[in-house]
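Biologist: Got a minute to go through this one with me? I'd like to start with how the parts fit together and then work down to single residues.

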Amino acid sequence: MNAAQYFQRNFMVNDLGHLVIGGCDVVELAKTYGTPLYILDEQLIRANCRQYADTLAELYPDFEVIYASKAFLTKALCGLLHQEGLGLDVVSGGELYTALEAGFPPERIYFHGNNKSHEELTLALRHQVGHIMVDNLMELETLIQLAKETGTRPRVIFRLTPGVEAHTHAYDQTGQLDSKFGMDIQQGTALQAVKIALGCPQLQLEGFHAHIGSQIFEVAPYEATIEILGEFMAMVREKTGFLASTLDLGGGLGIKYNKNEMPMPIPEVMKRIAQKVRATMGALNYPLPRLILEPGRSIIGDAGTTLYTIGTIKEIPGIRKYVAVDGGMADNPRVALYQAVYEAVIANKMNAQLSETVTIAGKCCETGDILIRDLPVAPPEPGDLLAVLATGAYNYSMASNYNRLPRPAVVLVASGRAELIVARETYAQLVQNDLIPERLKIAAGTIAR
Ligand code: LLP
């Protein structure tokens, strides 16, 4: 059985038996750009964006898809997303700065975060960022103060915790009452915040937001959230007369990392969500709000592949064979953090039989730096290229310099053309922020005591 048969994926493979992504032979990409290398398939990113936008355009009168930058953000991606008509969800001054530097229209930026600093909020207000997603009461007070100081009148959306538990990794759950994010509905915090905002001419309250988690495979938790938020909106209308014009359901759609995961197609989920919003609002006799979705992973995740070079191979007879690659937890911390299960292929041996089962080890000095356990592969040799699939989301954005490994380059591929969108970090860049006090400078030729 070869890789395509075993993993049941439609790989593009050329006459040389090499993996091809976006019309580019990845062996050539490795020669040109080195490894580890993040490869992004432009057409797939665009297709994912369109799956959201095209489906919603058919089903719902007023909507906006805003990409969750935390999944992966660079200036080039901002340009691509803008072309596709998406907005941007940012959660830090750094993400905001990246978007502004790329020339992304500030009015289409939404600023999230549970602990935005005064500096970050002021940056957002000064640039007239479209919406501030207010996370908690303390932030609300700060924002009112800063709006007064800067003479601005921000549009705000409140992040709420609906009390819904999605079935996903505990670190990826955010909708439950006991969460560091958002204002609770049950204990009255959300209503209190609404009353404060309505009494304050500095703020334009537009509506409500909930993000229940990430890598979710079911629609039911979204449907439950819509009901809870709908009931909350009706209650607010009754108590204050306020009509929300925006309902933001966050992101969270799961993607396929491995054979055992079977996400629902995006259009299918959008259809059910649109239906549920219509039904809920209809039953409450509430005007249909503008619907916002904030996908990250499902836009960029399956469009990414990480290419590594195989180095050391070590067999412990009767136990296991370790195949080490030139990256690991520094460029993909998701395995160590969330026990994520990835699949990979030897990209220069795509037609070969998967005759061995090996464990892919990273090069960091940690026992836990294992990328994939028990992976069926073609016979591996040093110098082969290993392509780990579906690494587009939360890999580059969560990469570190652990062990002082430089962060890999990112290349965007489409129609046989490859363009570097992030240069490989250099050793010089690794030390560029290091400062040496005079008394610790090492003079040439000196010997330690
Ligand atoms: N909106 C909000 C408010 C969020 O907090 C998130 C993700 C998203 C949207 C996008 O969710 P997505 O569509 O990508 O699932 N590092 C973890 C994922 C953390 C997600 C945090 N919030 C991982 O690698 O699995």
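Biologist: How much area is buried between domain 1 and domain 2?
Modeller: Keep in mind that this is a predicted model. The assignment puts 3-41 and 302-428 in domain 1, and 42-300 in domain 2. Carbon and sulfur atoms give 57% of the area buried between the two domains, and the total is about 2,400 Å².

Biologist: Which three residues supply 24% of the area that domain 1 buries against domain 2?
Modeller: On the domain 1 side, 28 residues are in contact with 22 residues of domain 2. No other three residues of domain 1 supply more of its buried area than D41, D302 and Y394.

Biologist: And how many salt bridges does the rule find across the interface of domain 1 and domain 2?
Modeller: The rule does find salt bridges in this model, with a count of 20. Across the interface of domain 1 and domain 2, though, the number is zero.

Biologist: OK, take E64 and R290, whose side chains meet in a salt bridge. How many residues apart are they?
Modeller: The closest approach there is 2.8 Å, N to O. E64 sits in strand β5 and R290 in strand β13, so to speak two distant parts of the chain, and the separation is 226 residues.

Biologist: Are E64 and R290 buried or exposed?
Modeller: We've just placed E64 in β5 and R290 in β13. As for accessibility, both E64 and R290 are buried.

Biologist: What about the salt bridge of R155 with E206: which of the two partners is buried?
Modeller: R155 is in strand β9 and E206 in strand β11, 51 residues apart, with the closest N and O atoms at 3.9 Å. R155 has 29% relative accessibility, so R155 counts as partly exposed. The other partner has a relative accessible area of 14%, which makes the buried one E206.

Biologist: How far apart, N to O, are K321 and E356 in their salt bridge?
Modeller: This pair links strand β15, where K321 lies, to strand β17, where E356 lies, 35 residues apart. K321 is buried, at 15% relative accessible area. The N to O distance is 2.7 Å.

Biologist: Let's turn to rings. What is the angle between the planes of Y38 and Y396?
Modeller: The search finds seven aromatic pairs in the whole structure. In the pair of Y38 and Y396, the ring centres are 5.8 Å apart and the arrangement is edge-to-face, with the planes at 80°.

Biologist: Where in the chain is Y396, the partner of Y38?
Modeller: Y38 is in strand β4, and the two residues are 358 apart. Y38 is buried, with a relative accessible area of 3%. Y396 is in the loop between β19 and β20.

Biologist: Why is the pair of Y257 and Y342 called edge-to-face?
Modeller: Y257 is in the loop between β12 and α10, and Y342 in the loop between α12 and β16. Both are buried. Their centres are 5.2 Å apart, and planes over 60 degrees apart count as edge-to-face. The pair gets that label because its planes are at 75°.

Biologist: Which lysine lies over the face of Y6?
Modeller: There are two cases to look at here. K116 lies over the face of F111, at 5.8 Å from the ring centre. Over Y6, at 3.9 Å from the ring centre, lies K259.

Biologist: Backbone next. Which peptide bond is cis, with omega near -10°?
Modeller: Look in the loop between α2 and β4, which holds P36. The cis bond is the one from T35 to P36.

Biologist: Q215 and N285 each have a positive phi. Which one counts as exposed?
Modeller: Phi is near 55° for Q215 and about 55° for N285. Q215, in the loop between β11 and α9, has 9% relative accessibility and so counts as buried. In the loop between α10 and β13, at 63% relative accessibility, the exposed one is N285.

Biologist: Last one: which elements are included in what covers the buried residues of α8?
Modeller: The buried residues of helix α8 are T189, A190, L191, A193, V194 and A197. Their cover includes α7, β9, β10, β11 and α9.

Methods:
Residues are numbered from 1 along each chain as its sequence is written. This is a predicted model: local features need pLDDT of at least 70, side-chain atom pairs count only at pLDDT 80 or more; totals for chains, interfaces and linings use all residues. Side-chain values use heavy atoms; hydrogens and water are left out. Rings of Phe, Tyr and Trp (its six-membered ring) pair if their centres lie within 6.5 Å; planes under 30 degrees apart count as stacked, over 60 as edge-to-face and the rest as tilted. Helices (H or I, at least four residues) and strands (E, at least two) are DSSP runs, numbered from the N terminus. Buried means under 20% relative accessible area, exposed over 50%, partly exposed in between (1.4 Å probe, protein chains only). A charge sits over a ring if NZ of Lys or CZ of Arg is within 6 Å of the ring centre and within 35 degrees of the ring normal. Domain bounds come from an automatic or database domain assignment. Contact means heavy atoms within 4.5 Å. Buried area is the accessible area (1.4 Å probe) that two parts lose on being put together, summed over both. A salt bridge is a side-chain nitrogen of Lys or Arg within 4 Å of a carboxyl oxygen of Asp or Glu.
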